[in-house]
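Please examine the sequence and the structure shown here. The explanation after them moves from an open site to individual residues.

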Amino acid sequence: MARMRTDEINKQQELIEMDRLFDRLFPICRSITGPGLRETLSILREYVPLDTLHVPTGTKVLDWEIPQEWRIRAGWLKGPDGRKIVDFSDSNLHVINYSEPVDEHFSLKELKPHLHTLPHLPDAIPYVISYYKRRWGFCLPYRVYETLPEGQYHAYIDSEFVHGELTMAHAILPGESEKEILISSYICHPSMANNELSGPIVAAFLYRRLAAWKDRRFTYRFVFVPETIGSISYLHHFGHEMKEKVHTGLVLTCLGGTGKNKEEIPLSYKYSRKEHAPIDEIVAHLFEKGVIEGNTRPFTPAFGSDERQYCSPGFNLPIGQMARMVYGWYEGYHNSLDTKEFMTIEALYRSVNEIENVLYAVELDGYYVNKRPYGEIKLDKHNLYPDMNGPSMRGKSNNTVVDGKTFLHRLLTMLNYADGEHTLREIAVRCSCSILDMKPIIRTLQEKNLLVGPFVEKRGISWYEQNGYI
């Protein structure tokens, strides 16, 4: 009971902290460069010990070039009566992201090509960007747009393009191995919840969870970049290093959201380009075993997030993408309906829990080796087998554990297939359980010095010879 109370207190504290972080980040006008990006990273640095990386304007990164930095101070549109129709200070979505400056008067006909709406969502402000072609414009609800009267309008946007930098950041959380697990999310959308803040908030709290683990087999690389140009810049600098080190990983995006009746919705996983990367196998296994509720999507380079860059053929990293309410599947995608109320902090909390379980399963998986592979081990010497065969022992895994012999059957299966050729996930399937159910088996056999592993690579008969087991 005391443990349950502690868990509930910890949950409530984490929910409060996630909510506070959201409220600090949401108002910031982010883009692929500029002060909003730096401010966001500065706040995230309070949660994750980030090293900031700077790529100057004009730098060639793979097939791209870092654009000039965009800075905006104000923007508004006044109608014929002199009243403001839209104001950047009310919503940073009102001005096209990367809009060039303007301070001119226009007729309604001249103005309309610069106005953007969503007629099918008349109350929503659309999110419009123009990173690589100079233009200016405003975004407003269609319900406002359709009532605009004829007359002269004053369009004013106080922005500038300067020789600056693209800013990105990463944190390396060391483990026993130099093999890495990548966790990457993006920080370039202005005030949107699910399709912006859900990813970095989950990543930040996931970092804190993993940092508190007693042991980490893998090293974790947490990356925060503006989408597309940021991950391309990161790969330009670290891609070849990552090809050597990255074992597997995830891009985090759109991890909030609820159903129409506020019901919980499951995770949605997009496979890596490899289709059989460690993260692909583990996520599919956990979904199939019902440990985590979720569905899968095939890899496609046609749309998505930064997994398209990590999985580009030159790098082809074993990186999948985890989402919940997937981009493009909900009304609020890329508009002002993408709010905290739609996303919910509780959905982010569930995402942290579930992805932590996925990563723990990746930590457990691998190739194990039975240190005494010749014949069955005399298990009763280790108190792992009943020392009497009789009616009183039926259903017992050893002299005391009554479990229908589930533990014993899993233990015997583990020892038989722990030959360095079968992964723990494969052995768990033979035991009709999840890989996480095998944790007490692994721990028991390792405490008895009967099992070694996990190894990333297979271990054949030569491993036994080299380590003196033959």
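The paragraphs below treat the largest pocket, then a helix residue, and then some backbone features.

The model under discussion is predicted. Its largest pocket has a volume of about 600 Å³. Three elements each give two or more residues to the lining of this pocket, namely helix H10 (345-364), helix H13 and strand E19 (451-455). Helix H13 supplies the largest share of the lining, with five residues. In total, 21 residues line the largest pocket, and those nearest its centre are Asp 215, Arg 217, Glu 363, Leu 364 and Pro 454. By chemical character, the lining comprises 10 charged residues, eight nonpolar residues and three polar residues.

Helix H13 deserves a further look through one of its residues. This helix covers residues 439-447, and Thr 444 is located within it. Is Thr 444 buried or exposed? Its relative accessible area is 15%, and the cut-off for burial is under 20%, so Thr 444 counts as buried. Within the chain, the side chain of Thr 444 reaches back to the backbone oxygen of Pro 440, at a distance of 2.8 Å. When neighbours within four places in sequence are set aside, Thr 444 is in contact with Leu 384 and Phe 407.

Strand E19 leads from the pocket to a feature of the backbone. Pro 454, which is among the residues nearest the centre of the largest pocket, has its place in this strand. The peptide bond that joins Gly 453 to Pro 454 is cis, and its omega is near 5°.

Two further backbone features concern phi. Tyr 98 has a phi near 80°, a positive value in a residue other than glycine. This residue belongs to the loop that runs between strand E5 (84-87) and strand E6 (102-107). Tyr 98 has a relative accessibility of 1% and therefore counts as buried, given the limit of under 20%.

Cys 254 likewise has a positive phi in a residue other than glycine, here near 50°. Its position is in the loop between strand E13 (246-252) and strand E14 (267-270). Because its relative accessibility is 0%, Cys 254 is also classed as buried.

Definitions and conventions:
Residues numbered from 1 in each chain as written. Predicted model: local features only at pLDDT ≥ 70, side-chain atom pairs only at ≥ 80, totals over all residues. Heavy atoms only, no water. Helix = DSSP H or I, 4+ residues; strand = E, 2+ residues; numbered from the N terminus. Buried < 20%, exposed > 50% of the residue type's maximum accessible area, 1.4 Å probe, protein only. Polar contact = N/O pair within 3.5 Å; in protein donor to acceptor, adjacent residues only side chain to side chain. Contact = heavy atoms within 4.5 Å. 1 Å grid on protein atoms, 1.4 Å probe; cavity = no way out; pocket = protein on both sides within 12 Å on 5 of 7 lines; lining within 4 Å. Points joined across faces, edges and corners; volume = space filled by probe spheres on them. Nonpolar A, V, L, I, M, F, W, Y, C, P; charged D, E, K, R; others polar.
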